[in-house]
Amino acid sequence: MALLEVKNLVKKFDDKDILKGISLELHEGQSKVVMGGSGCGKSTLLRCLNLLIQPTSGEIIFKGENITRPGVDVRKLRQDIGFVFQHFALYRHLTVQDNITLGLRKLKKMPAKAAVEKALYELERVDMVEHRNKYPAQLSGGQKQRVAIVRALAMDPAVIFLDEPTSALDPQMTREVVTVINKLYLDNITMLCVTHDAFLAKYISDSIVFMDEGAVAAEDIAERLFYDHPDPRVRQFFLSVIDHR
Amino acid sequence: MDALINDLIAFSPQIIAGLKNTLLLMVIMSVTGLFGGIAVFYLTLSRTNAVRTWTERYISFFIGTPLLVHLFLMYYGLPEFGIHLSAFTVCIIGFTLNVSAYNARYLMTAYHGLDKMELEAAQTQGFTHPEIFRLIILPQVMRLSVPSLTNQVIQNLKDTSVAFLIQFPDFFAQMQEIASTNFQFFKTYMTAGLVYLALVSIIVIAARRLERHISLPGFHI
């Protein structure tokens, strides 16, 4: 059974169809990347999946439960879904360590000492322990994104959503972050990542979903989608993305 | 000048009592106004339209009308409806309602400068709206609002001088009493002005220390 199953998901804003019946599956330990042109609905899809945006219709089955039904414990659901944002979204009044321990202490009700130990363990995984007492303003973009990833990971979620995790970074920092996400991929962390970055997509995906105008146009492994797909829209998109890099 | 000093010495018990009243009023309204301001600010973020609308009306009314009108309404107006409040009670209620409106506005201004992605991040982590307010929004807007909030404390101190108009025996009321006795209006009121200036200077020094104490990298206050 899939960890996450999306069935015919539709989202309309006013009368505009943003998502036109998306269906996809994500299994435990699988890493899937969603790509597509700007405005194709990728980020809306991700936000619908943790109910930050309420879908208009369709079903989202997470861990066997239909989470689009009324009465779902959204707070509990979100603790099970880590979320990494394009612009990091670290709490700027808190140190790196406190950014990570806040959720552990307040949501997981972990004792302060255990929360700090967990934070340090996770920071160690991304070589950020020495920065634990710094504030977000004292970090580079790549370091901020590594902390944001750790903040999501520390909650031990069933899946991590990444929304354009490298789009706000220069090439050097992008490489840093891709290395970290690639480590997660090799550790079989379940991930769903939205990106424009073909380099990232290639190194962290089991398969890539290509979205066009609010619908899934293709799904395949990176090599076939990038270089050898029968659909001309897909070929055109990946040609431009890969050439761009 | 000697005559004024003699008068100040002669009136010193009343002056000290007036000064105590002024400081008491200033401290109470600054504290109640701060908590009131936080509560009103919280209501401005309500997801219920009616709550937001009425909160905005409250703020507009108290910022848009003179403080003296609020005090007179309560002190001289309410007795027409059989409600008699002491001058001190009227001062506390009137000033608190007024200061809360101003403080709420300062906090709202700071809130507009927050990175809203942080709030979305907190939401995705599973925090509820009250938790996001307490753990993410409030610590940041309070830091960013320190200059405005301390200016309001200074304003509170100066505004206590209108309390004598509803018979509250504050410091300025005592100085007026002296002036009407010795007829040295300029010197007496100048002395009153210097006392206010000294008190304001103490608040400013304390505010600077507070700003330094709570300043963090990335927060430009």
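**Contact between the chains**

I looked up the contact between the two chains first and found 19 residues from chain B and 20 residues from chain A in it. The model is a predicted one. On the side of chain B that touches chain A, I noted that helix H6 (116-125) and helix H7 (129-144) of chain B are the elements giving two or more residues. H6(B) supplies the largest share of that side, seven residues. I then sorted the side of chain B that touches chain A by class and got eight nonpolar, seven polar and four charged residues.

**Chain B as a whole**

I went through the secondary structure of chain B and listed 10 helices and zero strands. Along the sequence the pattern reads α-α-α-α-α-α-α-α-α-α. I took the extent of the C-alpha trace of chain B along its principal axes as about 70 × 50 × 25 Å. Of the 221 residues in chain B, 32% are buried. I also checked the contacts in chain B between residues at least 6 apart in sequence; of these, 75% join residues at least 24 apart.

**The sheet of chain A**

In chain A I traced an open sheet of four strands, with the order S2-S1-S4-S5 and antiparallel pairing. I asked myself which strands stand at the edges. They are strand S2 (16-26) and strand S5 (65-66) of chain A; each has a single partner strand, so one side of each is left without a neighbour in the sheet.

I followed strand S1 (residues 4-13) of chain A next. S1(A) pairs with S2(A) in the antiparallel sense over eight bridges. The two strands form a hairpin with two residues between them. In the turn I noted A:Asp14, which has a positive phi of about 55°. Opposite A:Leu4 I found A:Leu26 in S2(A), and for A:Glu5 the bridge partner in S2(A) is A:Glu25.

I then looked at the pairing of S1(A) with S4(A). The two run antiparallel and are joined by five bridges. Here A:Glu5 stands opposite A:Ile61 in S4(A). My entry for A:Glu5 therefore holds a partner in S2(A), A:Glu25, and one in S4(A), A:Ile61.

I also looked for a helix on the sheet. Helix H1 (residues 42-49) of chain A lies across S1, S2 and strand S4 (57-62) of chain A. I recorded its direction as about 65° to S2(A).

**A helix pair in chain A**

The last item I looked up was the packing of helix H3 (residues 96-106) of chain A and helix H4 (residues 112-125) of chain A. Their axes are 9 Å apart and the angle is about 130°. I therefore entered H3(A) as oblique to H4(A). The crossing of H3(A) and H4(A) is right-handed.

Which residues make the contact? From H3(A) I listed A:Gln97, A:Ile100, A:Thr101, A:Leu104 and A:Arg105. From H4(A) I listed A:Ala112, A:Ala115, A:Val116, A:Lys118, A:Ala119 and A:Glu122. By class, the contact of H3(A) with H4(A) has six nonpolar, two polar and three charged residues.

Methods: Residues are numbered from 1 along each chain as its sequence is written. Chains are lettered from A and ligands numbered from 1 in the order in which they are written. This is a predicted model: local features need pLDDT of at least 70, side-chain atom pairs count only at pLDDT 80 or more; totals for chains, interfaces and linings use all residues. Two residues are in contact if their C-beta atoms, placed from the backbone, lie within 7 Å. Ala, Val, Leu, Ile, Met, Phe, Trp, Tyr, Cys and Pro count as nonpolar, Asp, Glu, Lys and Arg as charged, and the others, Gly among them, as polar. Two strands pair if DSSP finds at least two bridges between them. Axes are lines fitted to C-alpha atoms, for helices over the stretch in contact, and angles run from 0 to 180 degrees between N-to-C directions. Angles under 35 degrees count as roughly parallel, over 145 as roughly antiparallel, 65 to 115 as roughly perpendicular and the rest as oblique. A crossing is left-handed if the near helix is turned anticlockwise from the far one by less than a right angle, and right-handed if clockwise. A residue is buried if 20 or more other C-beta atoms lie within 10 Å of its own, exposed if 12 or fewer, and partly exposed in between; C-beta atoms are placed from the backbone.
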